[in-house]
Structure formats: C-alpha cells, structure tokens
Amino acid sequence: VAAVWKHVRPRTRVVHWAFDLFPENAVADGLLRSGSLAVRGARSLLKVAYGACDLIVDIGPCVREALRAYGSDAQCLTLPPWAFVEPPEPLPTCVVERKAVFGDARLALSYSGNFGRAHSYELLLALARRLRREKAIRFAFSIRGNRAHTVREAVTEEDTNITFVPFAPVERLSDRLSAADIHLVSLRSEWTGAVVPSKFFGALAVGRPVIFAGSADSDLARWIRRHRVGWLLTPDTLDVVSEDLRRLADVPEEMAALRRHCHDVYTTFFSRESLANRWDEALCAFYPTSPERLWRSRSVRPTFT
C-alpha cells in the first residue's frame with residue numbers, strides 16, 4: 001500500500017510504525033524457512049514498501065537492526081509501546097490480592113500475561129527450583145496462550161513454591177500487577193529483533209523491576225542494563241540472581257527504593273506522554289508550518305498511512 005500510494009501521491013509522507021515483523025516472526029516460529037521462496041518473495045516486496053516510507057518507527061533497537069536489512073533510506077525513530085495501566089506513583093501493594101496469590105511470602109514474583117510461541121519458561125523454572133527451600137519467596141503464573149499448557153505440564157508436585165492463578169479481570173488488573181514485587185518476562189532467543197514483550201513496560205509502569213529470561217542482545221536486556229531496572233536471567237546468571245533475591249527478601253527498604261526507580265524510569269522514557277511528545281515532534285518535523293494553515297491553503301495536505 002505504501003509503495004502504491006507513494007507512486008500516486010509522491011508528496012505524501014508515509015510513516016510506518018513497525019511492531020511485530022513479518023516474515024521474520026514466521027521464520028523465528030519455524031513456520032517458514034529463512035531461504036524459502038515465500039520468504040524471499042515477501043522480503044523483495046517489503047524492500048519496495050519500506051523504500052517508499054519517509055519515517056519508519058520501530059519499538060526497539062533490535063527491531064531497527066532487522067529493518068536495516070531492507071536498505072530503506074527512511075528516517076528512523078524508536079518509540080516502544082506504553083503500558084495499559086499508568087499510575088502517577090508506584091502502585092502500593094494490594095494486600096488482599098497478595099495474600100490470595102502469594103500467601104505470607106516476603107518476596108513475590110509473578111508472570112502475568114499471554115504465554116505463546118515466542119516465550120520460554122525453562123530458566124524461570126530453574127530459578128524457582130533453586131529457591132524452592134526459601135519459604136519467604138514464591139512464584140505465581142497467571143498465563144494463557146498456545147504454550148501456557150507446557151508451563152503447567154513442566155511444573156511438578158515438588159515445585160511447592162510455584163502456583164497458578166486465573167487471569168485477572170480488567171477492573172482488577174492493577175491489584176494483580178501490584179501484588180508482586182518482581183515481574184517475570186521471557187523471550188526465546190530466536191525471536192530477538194522480531195517482537196518486544198509488552199509485559200516489560202507494564203511492570204515498570206506500576207513500579208516493579210523485571211527478571212528477563214532471554215538473549216543478552218535483546219532490547220529488554222539492553223534497557224535493563226542501561227536503566228538498572230532488573231536482572232537478565234541466563235544459565236550464567238542463575239546463581240547471581242538467586243542470591244540477589246534471597247537478599248531482597250530480607251531488605252524491604254531496598255525493594256521500595258527499586259520500585260520508585262523503576263517508576264521514574266518508565267515515566268521518563270516509556271510513558272504514553274513522553275512517547276506521544278516524541279511522536280508529535282517527529283510528525284511536525286515533516287510540516288513545520290501549522291497543520292491548520294497547510295490544510296486551508298491546500299498547498300500540501302498532510303496524509304499519513
């Protein structure tokens with residue numbers, strides 16, 4: 001559509017906000033082979049399409065790197081998606097919800113959201129099993145999706161520090177998000193650069209740090225290192241993360257400070273307001289004259305697709 005529109009109306013500014021990438025997602029999922037005729041054909045068409053864009057907005061540096069392979073001369077900008085719930089302060093713990101999900105645990109870790117083909121659980125279960133004897137630390141999974149059953153099947157009767165809870169309705173989403181001290185996020189390494197898990201932004205928005213099980217080269221790993229908002233969980237960091245969690249269970253004031261820091265990072269770098277302002281700047285750069293004057297004069301009509 002972008003290429004056709006640009007041919008018919010060459011003065012149109014074409015802006016594309018790239019979320020999930022295709023056919024990259026299908027390749028990562030194993031549905032298509034990287035060198036197959038279908039993938040080569042799709043990429044040839046996309047090279048023309050991306051070449052017709054004036055601005056390509058990605059949701060993370062790894063996504064941008066994948067887009068560079070198409071050789072477009074478009075301007076580039078990174079604007080990740082914002083969270084569904086954006087409280088003005090770190091959410092205080094909902095005591096009733098926490099008690100119902102985590103019992104008397106002093107440190108509560110939660111995986112909440114869809115669990116599909118792009119997600120992994122092996123490292124998260126390995127972490128929980130290393131902390132199995134720590135009665136003060138508990139894990140909860142509130143998941144659905146086409147791979148949620150694999151997590152339930154992998155948990156055994158010996159995993160007494162892991163529980164499964166139903167999805168929270170929208171009106172109770174804030175209570176569920178606030179019940180945990182730390183949120184769990186995962187992404188299979190082969191999906192790096194194809195998607196960016198939105199759970200990361202939801203956790204920071206309510207003032208909760210993140211444990212991310214995924215590639216050290218992924219967007220979430222980079223943001224965690226840059227902003228100090230959590231831990232990267234790999235086979236090499238299992239011991240370090242386990243020890244940090246044991247210590248945090250006994251130091252609630254440090255967790256409170258970490259909550260404030262995560263919320264501040266979200267407000268500054270990832271909130272809807274900050275990203276909307278950056279969108280405004282990017283779009284207005286195409287039309288420095290006021291949109292009303294442009295429209296009335298009919299000299300140029302700003303059209304974005």
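Asp181 sits in the loop between helix H8 (173-179) and strand E7. Helices (H or I, at least four residues) and strands (E, at least two) are DSSP runs, numbered from the N terminus. This is a predicted model: local features need pLDDT of at least 70, side-chain atom pairs count only at pLDDT 80 or more, and totals for chains, interfaces and linings use all residues. Residues are numbered from 1 along each chain as its sequence is written, and side-chain values use heavy atoms, without hydrogens and water.

Asp181 counts as buried because its relative accessibility is 5%. Buried means under 20% relative accessible area, exposed over 50%, partly exposed in between (1.4 Å probe, protein chains only). The side chains of Asp181 and Arg259 share a polar contact of 2.8 Å. Such a contact is a pair of N or O atoms within 3.5 Å; within protein, one must be able to donate a hydrogen and the other to accept it, and residues adjacent in sequence count only if both atoms are side-chain atoms. Beyond four places in sequence, Asp181 is in contact (heavy atoms within 4.5 Å) with residues including Arg98, Arg106 and Met255.

Now the sheet. Six strands form an open, parallel sheet, ordered E6-E5-E4-E7-E8-E9. Strands E6 (162-164) and E9 (230-233) are at the edges, each with a single partner strand, so one side of each has no neighbour in the sheet. Two strands pair if DSSP finds at least two bridges between them. Three bridges join E5 (residues 137-144) to E6. Phe141 has Phe164 in E6 as its bridge partner.

Two helices lie across strands of the sheet. Axes are lines fitted to C-alpha atoms, for helices over the stretch in contact; angles run from 0 to 180 degrees between N-to-C directions.

| Helix | Strands crossed | Angle to E9 |
|---|---|---|
| H10 (residues 219-227) | E7, E8, E9 | about 140° |
| H11 (residues 238-248) | E4, E5, E7, E8, E9 | about 150° |
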